[in-house]
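Trainee: Could you take me through a close look at the aromatic rings here, and at what sits around them? I would also like to hear about any enclosed empty space.

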Amino acid sequence: MSTAIVTDSNCGITPAEARELGIFVVPMPFFIDGELFYEGINLSQSEFFRRMGSGADITTSQPTPGDVLNKWDEALEEHGELVYIPMSSSLSGECATARMLAEDYDGRVVVADNLRISATQRISVLDAAAMAARGKSAAAIAEALEREKLEASIYITVDTLKYLKRGGRITPAAAAFGTVLGIKPVLQIQGGKLDALTMSHGIRAAKRAMLDAVEHDLLTRFAGKDGVFVEAAYSCSEEEAAEWADEIRARFGERFDGYIAPLSLSIACHTGPGGFGVGCIKRLA
């Protein structure tokens with residue numbers, strides 16, 4: 001490909017998958033009790049949740065300019081230009097930083113802000129790679145991604161309100177009240193923003209509310225559109241994730257493409273373990 005595809009690890013693509021796909025992934029940095037880790041390099045999902053469960057202080061950070069530039073330079077050794085697809089500008093300053101850095105590359109680097117994260121960002125990367133394989137330019141790929149940036153929804157429910165409280169997403173009083181009543185919030189990510197959708201009594205009701213929300217999207221926003229399908233994510237156990245996939249398949253049949261993967265750690269920092277996610281996405285390629 002003359003156009004390289006570069007992204008960050010918020011998309012959930014592992015280093016091994018990146019090598020297989022021929023794309024370049026900038027690992028996201030995390031500070032755990034003041035120690036620096038990189039997602040997918042020296043920080044696995046299991047280690048992240050083990051440290052989280054032990055009460056460690058975990059904070060996220062955008063990649064350093066040096067990390068981004070090193071990955072861009074690596075990609076440009078083999079390609080004439082590149083598209084960089086970072087996590088949503090609504091959730092991080094990474095995109096703004098990248099656009100500033102790209103000014104020094106004489107048009108060889110194009111930054112696409114298509115307001116996505118986790119599974120939906122992964123689809124953007126796969127779509128971009130498919131367009132690059134067909135000979136599309138970096139500018140054309142970025143334009144297509146940004147034109148379709150709102151054609152995706154993610155819904156998430158959490159097992160505990162503790163991490164939303166810790167991240168300042170809800171007040172301590174609301175967290176205490178919700179815990180006593182067994183309330184599970186359903187969160188939505190649309191247009192890159194993490195917002196509350198509804199509150200449900202118990203995890204079963206929360207999961208049903210998410211599936212209802214996806215069905216509503218399919219019947220309204222995505223009605224009559226081709227290439228729309230459902231995917232799943234989780235921060236629960238593998239057994240619970242398999243059961244969640246079965247529930248989604250039972251509800252949506254062939255609309256569910258079978259893809260289910262761990263939530264991006266940048267999201268999991270706020271949701272904690274025991275989370276379930278589902279989304280609907282329109283493919284471009």
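Mentor: Happy to. Keep in mind that this is a predicted model. Let's start with a charge and a ring: the charged end of Arg122 lies over the ring of Tyr259, at 3.6 Å from the ring's centre. A second case involves Lys207, whose charged end sits over the ring of Phe276, 4.5 Å from its centre.

Now to rings that meet other rings. The structure has five aromatic pairs. One of them joins Phe30 and Phe48: the ring centres are 5.9 Å apart and the planes stand at 70°, which is over the 60 degrees needed, so this pair counts as edge-to-face. The two partners come from distant parts of the chain, 18 residues apart, with Phe30 in strand β3 (residues 29–32) and Phe48 in helix α2 (residues 45–53). Are these two rings buried or exposed? Phe30 has a relative accessible area of 0%, so it is buried, and Phe48 is buried because its value is also 0%.

Phe48 has another partner too. Its ring and that of Phe49 have centres 5.1 Å apart and planes at 85°, so this pair is edge-to-face as well. Phe49 has a relative accessible area of 18%; buried means under 20%, so Phe49 still counts as buried. Put together, Phe30, Phe48 and Phe49 make up one aromatic cluster.

That leaves the empty space. Rolling a probe the size of a water molecule over the atoms shows where such space is left. Searching the whole structure turns up four cavities of 30 Å³ or more, and the largest has a volume of about 70 Å³. Which elements line the largest cavity with at least two residues each? They are α5 (118–133), β11 (228–234) and β13 (276–282). Of the contributors, β13 gives the most, with four residues.

If you want to find this cavity on your screen, look for its lining residues, among them Ser118, Ala119 and Thr120, then Glu231, Ala232 and Ala233, and also Gly277, Val278, Gly279 and Ile281. Ile154 and Leu263 belong to the lining as well. By class, the lining holds seven nonpolar residues, four polar ones and one charged one.

How values were computed: Residues numbered from 1 in each chain as written. Predicted model: local features only at pLDDT ≥ 70, side-chain atom pairs only at ≥ 80, totals over all residues. Heavy atoms only, no water. 1 Å grid on protein atoms, 1.4 Å probe; cavity = no way out; pocket = protein on both sides within 12 Å on 5 of 7 lines; lining within 4 Å. Points joined across faces, edges and corners; volume = space filled by probe spheres on them. Nonpolar A, V, L, I, M, F, W, Y, C, P; charged D, E, K, R; others polar. Phe/Tyr/Trp six-rings, centres within 6.5 Å; stacked < 30°, edge-to-face > 60°. Buried < 20%, exposed > 50% of the residue type's maximum accessible area, 1.4 Å probe, protein only. Lys NZ or Arg CZ within 6 Å of the ring centre and 35° of its normal.
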